[in-house]
Amino acid sequence: MPGSFNISTRVSCHNTAAILLLRDFDQIIPMPPHLKRLPDRWLSQERRDWQQEHWGFARTPGFFTFHQASSRVSLRTSDQAPHWIIATLSRQYPDDIFRVSVATESIGCDCSTYAIRNGTISGKQVLPDYSREAYELAFQHFPLCRYRYVYSAALGTYREREPAELARIERMLHELGLI
């Protein structure tokens, strides 16, 4: 959906201070002061252009969450994952390894994982669309979407639930206040 935060990125690293910088991209690649004056909802074309060129996308990320137990952050962006920002952060902390996973709201599509250290990516894995692995990674990023799918041993992957079954589950989840 255009304009929504449809890309989910998770970054883990033992250096909590480093990954917490992902809360504000300006701490990693500073924006010129004259562009910071207006709130995001009043983004000027000049500021959008700067963010696109330096951060990789025009909109400021949303939905930042820190998971202390796993030393991981989750954030949502529109259009693409913040690979450029993560690469820059990894060069600022060259001894640390950042483990990244990315999934989109198109559950089971466009999922990937990699590690990055000092700007160098290793172990990059682009999961095949609609594979079991892609669905399971997407479910980690978008757990409330899990109920819409069921694993099919015959297919070796997930399929969408039948409409009647999905409606029954959604009614139950709604009654429980979960959706």
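The buried residues of helix α4 pack against five named strands: β1 (7-12), β4 (98-104), β5 (112-117), β7 (149-152) and β8 (157-160). This is a predicted model. A search of the whole structure finds zero disulfides. A nonpolar surface patch of about 510 Å² is also present.

**Helix α4 and its packing**
- Helix α4 covers residues 132-141.
- Its buried residues are Ala134, Tyr135, Leu137, Ala138, Phe139 and His141.
- An α-helix has 3.6 residues a turn, so residues three or four places apart point the same way.
- The strands contacted by the buried α4 residues include β4 (98-104) and β5 (112-117).

**Cysteines**
- No disulfide turns up anywhere in the structure.
- For Cys111, the closest cysteine sulfur belongs to Cys109, and the two sulfurs are 7.4 Å apart.
- That is too far for a bond, because a disulfide needs the sulfur atoms within 2.5 Å.
- Cys145 is in no disulfide either; its nearest cysteine sulfur, that of Cys111, is 11 Å away.
- Cys111 has 1% relative accessibility, so it counts as buried.
- Cys145 also counts as buried, at 14% relative accessibility.

**Nonpolar surface patch**
- Leu144, Met172, Leu176, Leu178 and Ile179 make up the patch.
- Its area is about 510 Å².
- Met172 lies in helix α5 (residues 163-175).
- With a relative accessible area of 40%, Met172 is partly exposed.
- Met172 can belong to the patch because patch residues need over 30% relative accessible area.

Conventions: Residues are numbered from 1 along each chain as its sequence is written. This is a predicted model: local features need pLDDT of at least 70, side-chain atom pairs count only at pLDDT 80 or more; totals for chains, interfaces and linings use all residues. Side-chain values use heavy atoms; hydrogens and water are left out. Buried means under 20% relative accessible area, exposed over 50%, partly exposed in between (1.4 Å probe, protein chains only). Helices (H or I, at least four residues) and strands (E, at least two) are DSSP runs, numbered from the N terminus. Contact means heavy atoms within 4.5 Å. Patches are made of residues with over 30% relative accessible area and no salt bridge: like charges are joined within 9 Å, nonpolar side chains (Val, Leu, Ile, Met, Phe, Trp, Tyr) within 5 Å. Accessible areas come from the Shrake-Rupley method with a 1.4 Å probe; for residues, only the protein chains shown count as cover. A salt bridge is a side-chain nitrogen of Lys or Arg within 4 Å of a carboxyl oxygen of Asp or Glu.
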